[in-house]
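Q: I should like to learn how to read a protein model step by step. Where does one begin?

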Amino acid sequence: LVKQIIEILKPLDPSCHEVVGSGQGKNKSDIQLPGLSLAIEAKNQNEFAMGSWIDDLKKEQGIANDMVILAFRDPRSPQARPEIYFVTTADDMYKLLGSKKNQTPDASRIPKFEVERARESLRRLLKYLEVDNKNT
């Protein structure tokens, strides 16, 4: 689950990384996004234990100076294509959304496959328009 979350979030913060040995040292989170001052606690369990997970999140907030988000997989979803949910406090959500205010998108953060997909769509559209233009 951690690797899948990192794959999702890497475009938002290229320095996003798994915390090696998480839970053993001072840093208890599973994933760090230093560029966003964000820590993520990931839960990949078949039993849903939101109360316990929120307790873990509160402990992590006491340790980290970062915003902390809880990420978990819907246990009914397959491991290969999990439905991942993110939970945080209203204050941290406000901080997170506010941190992106007035920033222009950085094209280098767009995943390569998204750029290629857009190029291919444009190629098909241009080809269609050429054919359509020849028929009129």
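A: One begins with the inventory of elements. This is a predicted model, and its chain has four helices and five strands. From the N terminus on, these elements run α-β-β-β-α-β-β-α-α.

Q: How much of the chain is buried, and how large an area does the chain expose?

A: A residue counts as buried when its relative accessible area is under 20%. Here 27% of the 136 residues are buried. The chain exposes about 9700 Å², and carbon and sulfur atoms supply 55% of that area.

Q: How should one judge whether strand β3 is enclosed or open to the outside?

A: One looks at each of its residues in turn. In strand β3, residues 38-43, six of the six residues are buried, so the strand is largely enclosed by the rest of the structure. Both faces are covered: Leu38, Ile40 and Ala42 lie on one side, while Ala39, Glu41 and Lys43 lie on the other.

Q: Which strand runs antiparallel to β3, and which runs parallel?

A: The partners are identified through bridges. Strand β2, residues 31-33, is antiparallel to β3 and joined to it by three bridges; in this pair, isoleucine 31 stands opposite isoleucine 40. Strand β4, residues 67-73, is parallel to β3, with six bridges between them; there alanine 39 stands opposite valine 68.

Q: What links β2 and β3?

A: The two strands form a hairpin with four residues between them. In the turn, serine 37 has a positive phi of about 50°.

Q: How does one find the largest nonpolar core, and which elements contribute to it?

A: One searches for buried nonpolar residues whose side chains are joined. The largest such core has 17 residues, and those with the most contacts inside it include Ile5, Cys16, Ile31 and Leu38. The elements giving two or more residues to this core are α1 (2-9), β2, β3 and β4. Helix α1 provides the largest share, four residues. Apart from this core lies another, of six residues, among them Trp53, Leu57, Val68 and Phe72.

Q: With which residues is isoleucine 31 in contact?

A: Neighbours within four places in sequence are set aside. Isoleucine 31 then contacts Val2, Ile5, Ile6, Cys16, His17, Val19, Leu38, Ala39 and Ile40.

Q: Where on the surface is there a nonpolar patch?

A: Leu122, Leu125, Leu126, Tyr128 and Leu129 form one, with about 520 Å² of accessible area together. Leucine 125 belongs to helix α4, residues 112-134, and counts as partly exposed because its relative accessibility is 44%.

Definitions and conventions:
Residues are numbered from 1 along each chain as its sequence is written. This is a predicted model: local features need pLDDT of at least 70, side-chain atom pairs count only at pLDDT 80 or more; totals for chains, interfaces and linings use all residues. Side-chain values use heavy atoms; hydrogens and water are left out. Buried means under 20% relative accessible area, exposed over 50%, partly exposed in between (1.4 Å probe, protein chains only). Two strands pair if DSSP finds at least two bridges between them. Patches are made of residues with over 30% relative accessible area and no salt bridge: like charges are joined within 9 Å, nonpolar side chains (Val, Leu, Ile, Met, Phe, Trp, Tyr) within 5 Å. Accessible areas come from the Shrake-Rupley method with a 1.4 Å probe; for residues, only the protein chains shown count as cover. A salt bridge is a side-chain nitrogen of Lys or Arg within 4 Å of a carboxyl oxygen of Asp or Glu. A nonpolar core is a set of buried Ala, Val, Leu, Ile, Met, Phe, Trp, Tyr and Cys residues joined through side-chain atoms within 4.5 Å. Contact means heavy atoms within 4.5 Å.
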